Amino acid sequence: MDIDHLLSAREILRSSIEKSRTIANALDANASKLKETSRNLARMQAAITNTARKSECAVQIDRAMGPASAVSKILDLVYELEDSLCADVAVSDLSVYVTNIKRLQETLKLLTDNCRLVILWLEDVVQFLQNNAASDDEWYLVQVVSKVVKIMEQLQRKGGLFCREGGDALSNAFDNLESHYMHLLTEASFPLQRDIQEMQDIVEVLAANSRLENCESIYAENRIENFRLTFQALDLDYLNIKLSETDSVETVDSYIDEWGKHMEFAVRHLLRQEYNLCSEVYRKFGSDVSMNCFAKIAGECGFMHILDFGSRVCRCKKEAIKLLSLLRVFSTLDKLRLEFNELFDGKFCTKIRNRTRDLVKKVVNGACEIFWQLLVQVELQRASKPPEYGNIPVLVSFVTEYCNQLLEEENSSILIRVLEIHQVWNRVKLEDGRDLFSNEIRSIFRAVEINLVTWAGMYNDTNALPHFFMMNNHWYLWSSIRGTHLEELMGDTRLSAYKESTEYYAAWYMRESWEKLLVLLREDDVILYPNGRAIDRNLVKKRIVLFCEEFDDLCRKQSKWILSDKVLRWKTCQLIVESTIAPYKRYLERYMPTSLLEYSAERLENMIGSLFKPNVGNYGGSKCSDLIGINNAAVSRFSSTPAAA
């Protein structure tokens, strides 16, 4: 049993060994084939790997081809747009020109973006090739692609530079726009609405490319030049007159009204137009830009020179007539007050605003200083000597005409406003300006009346001349005030008092001079016998001769006395004739034949008719302008004392 088992196991083992030998022989036969197959698989793997690598590179290159082709087309468009911008803007359609500038800028940006994309893809290709290049051809391809990358980088920088700085083409285009902008500004003194629209378009483009300051400079320079040319046509030579504190305002007084017209024209027309034009052209950039530009124009166009003329008037020496000039200057400034506040508002016009306020301050302070010193100056004249021949003192005629001028509506309304402004500035108790003004004028005339009384008392002739002087001056006051603004101010009662005073002093004048002659025409002892008719001719003749001698002496004494008013002169002569010549004529008719006398009544009457006539040049005309003209010479203390001069 055991042996059978062993035999069976031996057979199975022998069979297994045989099979193993058979398999071993088969394996030995196929070993060489497997080695060849292994070698073939390695070659196949290398081929597959190389093919895959080439395929990946091709994909990278294909990806860069689209943007690279777009770059080429964009470059063609850039060159085309650059050529279109070489044309002159003046002969081109501005809207098309501006559109081409914007298209070129957009195209350059597109060029930059596409170059950036191409560069990214090509840089990947270069990196791949550098890592995997195995042949000379592949290394040559690395060099070609690297060169393309550098070209793209240059194009990218060019596009970026053009976008930032404009480049030659854009820079020239912007220069062309600036030239056309200048042309629009100089083509006409004031651009048309069509031109304004073009200027707005140009400014918008240039501002978007950092050239707004250039626009403002070009605009300001051209508008300033236009402003100056307009001023040259106005004949403003008087603005160059030099004035100091010793010069009289009469030097330029005739130019003040002309200055007012020029100032009004400059502000309401020229500067207003410039203000509106600045606001319109720079509307899209805010008020700061337009106001900055307008401030440059207003500050450099010559307007400040006009403004300074008012300051030079204020600099003149202080004198009464300067007040009228200052009121005219203030009137001009006050009429333009609203325009000044509107045009010169904001931080950019601070200089002009300060200069204007300084001028107003000088005018107001100067006018008030002179006005409040008028009364003081009249009182100071009280110590001066009266006129030698009883005529009207220049002070009296000057003050009368001067106050009448101040009371004219165009002057009084301004002066009242000036007085009220001065009160506010100095924070004093506010009073109605009209009351201040009226009361001061009344006080001045009260001072004039006191001066007349004082001067009358200074005459050495204690009889006729003081009365003659008072008669003359009260008549002058009555006749000069009647029917004027002074009459409205002072009232009928005051005016009637002047006329009554004239009659009162006329009566005293006659009593103290001509009527004294009548005592020489006495009739006592002329009849030789009581109840007789015989006349003592010798006595009559003696008395007549004495009368005529005294008459002649009075005429000689009063021959230089002056009554400038023709009506008063005629009335006075008639009064003398009636009070003296008429009694003389009756005396002659009664006691002495005219043929026996040297002095007939007609001759004496002719002598009286030649009295009281002013010598030419001894008395200034009654017009205020004439009186102002002789102010410095005849009323030197009134015009040149420190307080009012």
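Buried means under 20% relative accessible area, exposed over 50%, and partly exposed in between, with a 1.4 Å probe and protein chains only. This is a predicted model, where local features need pLDDT of at least 70, side-chain atom pairs count only at pLDDT 80 or more, and totals for chains, interfaces and linings use all residues. Residues are numbered from 1 along each chain as its sequence is written, and side-chain values use heavy atoms, with hydrogens and water left out.

**Exercise 1. Classify D235 and F612, two residues with positive phi.**

Step 1. Take the angles. Phi of D235 is near 60 degrees. Phi of F612 is near 65 degrees. Each value is positive in a residue other than glycine.

Step 2. Place them. Helices are DSSP runs (H or I, at least four residues), as strands are (E, at least two), numbered from the N terminus. D235 sits in the loop between α6 (212–232) and α7 (253–281). F612 sits in the loop between α20 (601–609) and α21 (624–629).

Step 3. Apply the accessibility cut-offs. D235 has a relative accessible area of 47%, so D235 is partly exposed. F612 has 0%, so F612 is buried.

**Exercise 2. Find how many disulfides the structure has, and explain the result for C293 and C349.**

Step 1. Set the criterion. A disulfide is a pair of cysteine sulfur atoms within 2.5 Å.

Step 2. Search the whole structure. The search finds 0 disulfides.

Step 3. Check C293. Its closest cysteine sulfur is in C278, at 4.3 Å, so the pair is too far apart for a bond. C293 is buried, with a relative accessible area of 0%.

Step 4. Check C349. The closest cysteine sulfur is again in C278, here at 9.8 Å, which is too far for a bond. C349 is also buried, at 1% relative accessibility.

**Exercise 3. Describe the largest pocket and its lining.**

Step 1. Define the object. On a 1 Å grid over the protein atoms alone, a cavity is a set of points where a 1.4 Å probe fits but cannot get out. A pocket is an open set with protein on both sides within 12 Å along at least five of seven lines, and lining residues have an atom within 4 Å of a point.

Step 2. Give the volume and the centre. The largest pocket holds about 390 Å³ of space. It is lined by 15 residues, and R337, N341, T356, R357 and V360 are the closest to its centre.

Step 3. Trace the helices. α10 (320–335), α11 (337–343), α12 (350–380) and α14 (409–426) each supply at least two lining residues. α12 gives the most, with 4 residues.

Step 4. Sort by class. The lining has 7 nonpolar, 2 polar and 6 charged residues. Here Ala, Val, Leu, Ile, Met, Phe, Trp, Tyr, Cys and Pro count as nonpolar, Asp, Glu, Lys and Arg as charged, and the others, Gly among them, as polar.

**Exercise 4. Compare the expected and actual span of α12, then locate its kink.**

Step 1. Compute the expected span: 1.5 Å times one less than the number of residues. For the 31 residues of α12 this gives 45 Å.

Step 2. Compare. The end C-alpha atoms are 44 Å apart, which agrees.

Step 3. Locate the bend, the angle between axes fitted to the seven residues ending at a residue and the seven starting there. α12 has a kink of about 40 degrees, centred on L374.

**Exercise 5. Place L415 and give its C-alpha separation from L326.**

Step 1. L415 lies in helix α14 and is buried, at 0% relative accessible area.

Step 2. L415 and L326 are 89 residues apart along the chain, with C-alpha atoms separated by 9.6 Å.

How values were computed: Grid points are joined across faces, edges and corners, and a volume is the space filled by probe spheres set on the points.
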